[in-house]
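Hi everyone, thanks for making the time. I'd like to walk you through one protein model today, so please have the viewer open and follow along.

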Amino acid sequence: MKESGRKQGAPSPCAACKLLRRRCAEDCVFAPYFPADEPQKFANVHKVFGASNVNKMLQDLEAHQRGDAVSSMVYEANARVRDPVYGCVGAISCLQQQIDALQTQLALAQAEVVHLRVRQTTPFPNHWVRQGSPSSSGSPSSRVMGSQAKPIFDMDMVVDQPSLGETMWSC
């Protein structure tokens, strides 16, 4: 029968006690969260927070809160191992940049859809558009203003999608 990740009679130390080279007591605060078969989990947490600090944090929490606290510490420790300067904040910042880039792409796509709908639904006679002018293939607003030298509003958009895609996943 197993209890706290250890066999009764033949105690197998948890990953924390094994790394710290100490005897794993029956009431070890680490044992339920750092099983012996996951040594890297505690090694990263120990490297970032220190065993004494983790022990104090877990002792200060109620038993039902400890699992979530350990999950948070493991996540932060793993992030710190990957990015020692920024840790989780670096990952969050990267995700925020991706969200911003995707929102920009979405806004441009929505604007293009509106532009194309206006272009399809607004009938303009051909005699309003000067043949051979740069605005003859332009937006509806440039067709209306076709007799003038320069349109007031030119809604034609050029979306530079490759540059958005290149920067979107670079972090």
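Let me start with a question: which helices do the buried residues of H4 pack against? Keep that in mind while I set the scene. What you see is a predicted model. The protein has seven helices and two strands, and along the sequence they follow the pattern β-β-α-α-α-α-α-α-α. Buried residues make up 28% of the 171 residues. If you look at contacts with a separation of 6 or more, residues 24 or more positions apart account for 40% of them.

Now back to H4. The buried residues of H4 pack against helix H2, residues 39–49, helix H3, residues 51–60, and helix H5, residues 88–121. The list of buried residues in H4 is Arg-66, Ala-69, Val-70, Met-73, Val-74, Glu-76, Ala-77 and Ala-79. You will spot repeated spacings in that list, and here is some background: an α-helix has 3.6 residues a turn, so residues three or four places apart point the same way.

A quick check on the geometry of H4, for those of you who like numbers. This helix covers residues 63–82, and at 1.5 Å a residue its 20 residues should span 28 Å; the end C-alpha atoms are 30 Å apart, which agrees. H5 can be checked in the same spirit: with 34 residues, H5 reaches 49 Å from its first C-alpha to its last, close to the 50 Å expected. The buried residues of H5 are Cys-88, Gly-90, Cys-94, Gln-98, Ala-101 and His-115.

Let's zoom in on one residue, Ala-77, which is found in helix H4. Is Ala-77 buried or exposed? Ala-77 has a relative accessible area of 0%, and the cut-off for buried is under 20%, so Ala-77 counts as buried. Leaving out residues up to four places away in sequence, Ala-77 touches Asn-44, Val-45, Val-48 and Phe-49. There is also a link towards H5: Ala-77 and Cys-88 are eleven residues apart along the chain, and their C-alpha atoms are separated by 8.7 Å.

Those neighbours of Ala-77 bring us to the packing of H2 and H4. Their axes are 8 Å apart and the angle is about 75 degrees. That falls in the 65 to 115 range, so H2 and H4 are roughly perpendicular to each other. On the H2 side the contact is made by Lys-41, Asn-44, Val-45, Val-48 and Phe-49, and on the H4 side by Met-73, Val-74, Glu-76, Ala-77, Asn-78, Arg-80 and Val-81.

H2 has a second partner to look at. H2 and H3 pack at an angle of about 100 degrees, with their axes 7 Å apart, and are therefore roughly perpendicular to each other as well. Here Phe-42, Val-45, His-46 and Phe-49 in H2 meet Ala-51, Asn-53, Val-54 and Met-57 in H3. Right after H2 comes Gly-50, with a positive phi near 90 degrees. Within H2, Phe-42, Ala-43, Asn-44 and Val-45 are buried, and what covers the buried residues of H2 includes H1, H3 and H4.

Next, the core. Which residues touch the most other members of the largest nonpolar core? Of its 21 residues, they are Cys-14, Phe-30, Phe-34 and Leu-58. Helix H1, residues 15–20, together with H2, H3 and H4, are the elements that give two or more residues to this core. H4 gives the most, with five residues.

Two of those names lead to the aromatics. Ring pairs link Phe-30, Phe-34 and Phe-42 into a cluster. Phe-34 and Phe-42 are both buried. Beyond four places away in sequence, Phe-30 touches Cys-14, Ala-16, Arg-22, Phe-42, Ala-51, Val-54, Asn-55 and Leu-58.

One last stop, on the outside. Arg-21 sits in the loop between H1 and H2. Although not a glycine, Arg-21 has a positive phi of about 55 degrees. At 78% relative accessibility, Arg-21 counts as exposed.

That's my tour; I'm happy to take questions.

Note on methods
Residues are numbered from 1 along each chain as its sequence is written. This is a predicted model: local features need pLDDT of at least 70, side-chain atom pairs count only at pLDDT 80 or more; totals for chains, interfaces and linings use all residues. Side-chain values use heavy atoms; hydrogens and water are left out. Buried means under 20% relative accessible area, exposed over 50%, partly exposed in between (1.4 Å probe, protein chains only). Rings of Phe, Tyr and Trp (its six-membered ring) pair if their centres lie within 6.5 Å; planes under 30 degrees apart count as stacked, over 60 as edge-to-face and the rest as tilted. Helices (H or I, at least four residues) and strands (E, at least two) are DSSP runs, numbered from the N terminus. The expected span of a helix is 1.5 Å times one less than its number of residues. Contact means heavy atoms within 4.5 Å. A nonpolar core is a set of buried Ala, Val, Leu, Ile, Met, Phe, Trp, Tyr and Cys residues joined through side-chain atoms within 4.5 Å. Axes are lines fitted to C-alpha atoms, for helices over the stretch in contact, and angles run from 0 to 180 degrees between N-to-C directions. Angles under 35 degrees count as roughly parallel, over 145 as roughly antiparallel, 65 to 115 as roughly perpendicular and the rest as oblique.
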